[in-house]
Amino acid sequence: MSTAFATEPLRIVAVSAGLSRPSSTRLLAERLAGAARERLTAEQDRTVEVRMIDLRDLAVDIANHLVTGFPPSTLDEAIKEVTEADGLIAVSPVFTASYSGLFKSFFDLIDNTALTGKPVVIAATGGTARHSLVLEHAMRPLFAYLRATVVPTSVYAASEDWGSSGDEYTDGLPSRIRRAGGELATMITGGRAASGASRVLGLNDEVVPFEQQLADLRLD
């Protein structure tokens with residue numbers, strides 16, 4: 001292995017389909033990227049870069065590309081970032097019991113072999129826990145079609161999950177974020193992720209104090 005290759009940064013790209021600012025979808029993408037970066041930084045010597053892609057900012061470019069077949073430079077760069085990333089995080093709000101149309105339209109633009117073998121965390125946000133099955137019934141099949149390798153732990157955040165630490169029977173949102181990020185890091189560095197392989201946070205652990213950010217946060 002050459003020195004140049006060994007010192008090249010590891011790149012995590014997080015795609016958020018949230019529509020508002022601030023957005024719980026964007027916040028969840030940030031937390032997942034932070035958990036993966038923390039694990040990667042602790043376990044290996046290469047630097048870790050995180051790129052956030054907000055599909056809200058690319059909505060017009062995505063629509064134009066679907067009509068004309070020619071991606072503007074900003075959209076072309078975003079697609080390149082996704083396909084060349086070492087690890088991908090994909091987060092969508094739930095609309096009508098599935099991922100959003102904007103989320104689907106963006107990934108429709110990616111060749112179905114471009115993500116072959118790429119480690120991916122799938123995640124979603126919604127107002128109620130009843131929509132959590134969108135992860136297994138919609139998002140996981142989408143990335144299976146794209147030939148990506150989806151980590152075992154997917155993360156769904158309902159309104160009541162923000163700020164929750166869970167209890168002795170269920171993992172809270174911070175714990176699930178940490179576990180999914182750890183699984184992504186393991187796959188990026190060539191290991192095999194097993195569900196629950198990373199440390200589960202206790203009731204007194206925190207990833208970030210959410211309360212200050214939730215005052216004006218919209219769940220999309």
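**Exercise 1. Ala97 and its backbone**

Task: In this predicted model, work out whether Ala97 is buried or exposed, and find what its phi angle is.

Solution. Start with the location: Ala97 sits in the loop that links strand E3 (87-95) to strand E4 (98-99). Next, take the relative accessibility, which is 54% for Ala97. The cut-off for exposed is over 50%, so Ala97 counts as exposed. Now turn to the backbone: phi of Ala97 is near 65°, a positive value in a residue other than glycine.

**Exercise 2. Arg147, another loop residue**

Task: Say where Arg147 is found and which accessibility class Arg147 belongs to.

Solution. Look between helix H6 (134-145) and strand E6 (149-150): the loop there holds Arg147. Check phi, and you get a value near 65°, positive although Arg147 is not a glycine. Then check the cover: relative accessibility is 42% for Arg147. Partly exposed is the class between under 20% and over 50%, so Arg147 goes down as partly exposed.

**Exercise 3. A peptide bond to look up**

Task: Is the peptide bond from Arg21 to Pro22 cis or trans?

Solution. Read omega for the bond from Arg21 to Pro22: the value is near -5°. That bond is cis. As for its place in the chain, Pro22 belongs to the loop between E1 and H2.

**Exercise 4. Val15 and its neighbours**

Task: Decide whether Val15 is buried or exposed, then list what Val15 touches.

Solution. First, place the residue: Val15 is part of strand E1 (residues 10-16). Second, read off the relative accessible area, 0% for Val15. Buried means under 20%, so Val15 is buried. Third, collect the contacts, leaving aside residues up to four places away in sequence: Val15 touches Ile53, Leu55, Val82, Leu88, Ile89, Ala90, Val91, Phe106 and Phe107. Finally, try a C-alpha pair: Val15 and Ser92 are 77 residues apart along the chain, and their C-alpha atoms are separated by 8.4 Å.

**Exercise 5. H2 against H7**

Task: Describe how helix H2 and helix H7 cross, and which residues meet there.

Solution. What do we need for a pair like this? Two packed helices are described by the angle between their axes and the distance between the axes. Here, the axes of H2 (residues 24-43) and H7 (residues 173-188) come within 7 Å and cross at roughly 50°. That makes H2 oblique to H7. The crossing in which H2 passes H7 is right-handed.

Now list the partners. H2 brings Leu28, Arg31, Leu32, Ala35, Ala36, Glu38, Arg39 and Leu40. They meet Leu173, Ile177, Arg178, Ala180, Gly181, Gly182, Leu184, Ala185, Thr186 and Ile188 of H7. Sorted by class, the residues of this H2 and H7 contact are eleven nonpolar, three polar and four charged.

**Exercise 6. H3 against H5**

Task: Do the same job for helix H3 and helix H5: what angle, what handedness and which residues?

Solution. Begin with the axes: H3 (residues 59-68) and H5 (residues 101-108) come within 10 Å and cross at roughly 55°. H3 and H5 are therefore oblique to each other. Their crossing is left-handed. For the residues, Ala59, Ile62 and Leu66 in H3 meet Leu102, Ser105 and Phe106 in H5. Classing them gives five nonpolar, one polar and no charged residues in the contact of H3 with H5.

One more residue of H3 is worth a look. Ala63 lies in this helix and is partly exposed, with a relative accessible area of 39%. The C-alpha atoms of Ala63 and Ser105 are separated by 8.0 Å, with their positions 42 residues apart along the chain.

**Exercise 7. Ser73**

Task: Which helix holds Ser73, and how many residues separate Ser73 from Asp61 in sequence?

Solution. Ser73 belongs to helix H4 (residues 73-84). With a relative accessible area of 61%, Ser73 is exposed. Ser73 and Asp61 are twelve residues apart in sequence, and their C-alpha atoms are 9.1 Å apart in space.

**Exercise 8. The whole chain**

Task: What does the protein chain's secondary structure come to, and what share of its residues count as buried?

Solution. Count the elements: eight helices and seven strands. Then the burial: 48% of the 220 residues count as buried. For the surface, the chain exposes about 10,600 Å², with carbon and sulfur atoms supplying 50% of it. Last, the contacts: among those between residues at least 6 apart in sequence, 78% join residues at least 24 apart.

How values were computed:
Residues numbered from 1 in each chain as written. Predicted model: local features only at pLDDT ≥ 70, side-chain atom pairs only at ≥ 80, totals over all residues. Heavy atoms only, no water. Helix = DSSP H or I, 4+ residues; strand = E, 2+ residues; numbered from the N terminus. Buried < 20%, exposed > 50% of the residue type's maximum accessible area, 1.4 Å probe, protein only. Contact = heavy atoms within 4.5 Å. Areas by Shrake-Rupley, 256 points an atom, 1.4 Å probe, with all protein chains shown as cover. Axes fitted to C-alpha atoms, helices over the stretch in contact; angles between N-to-C directions. Parallel < 35°, antiparallel > 145°, perpendicular 65-115°, else oblique. Left-handed = near helix turned anticlockwise from the far one by under 90°. Nonpolar A, V, L, I, M, F, W, Y, C, P; charged D, E, K, R; others polar.
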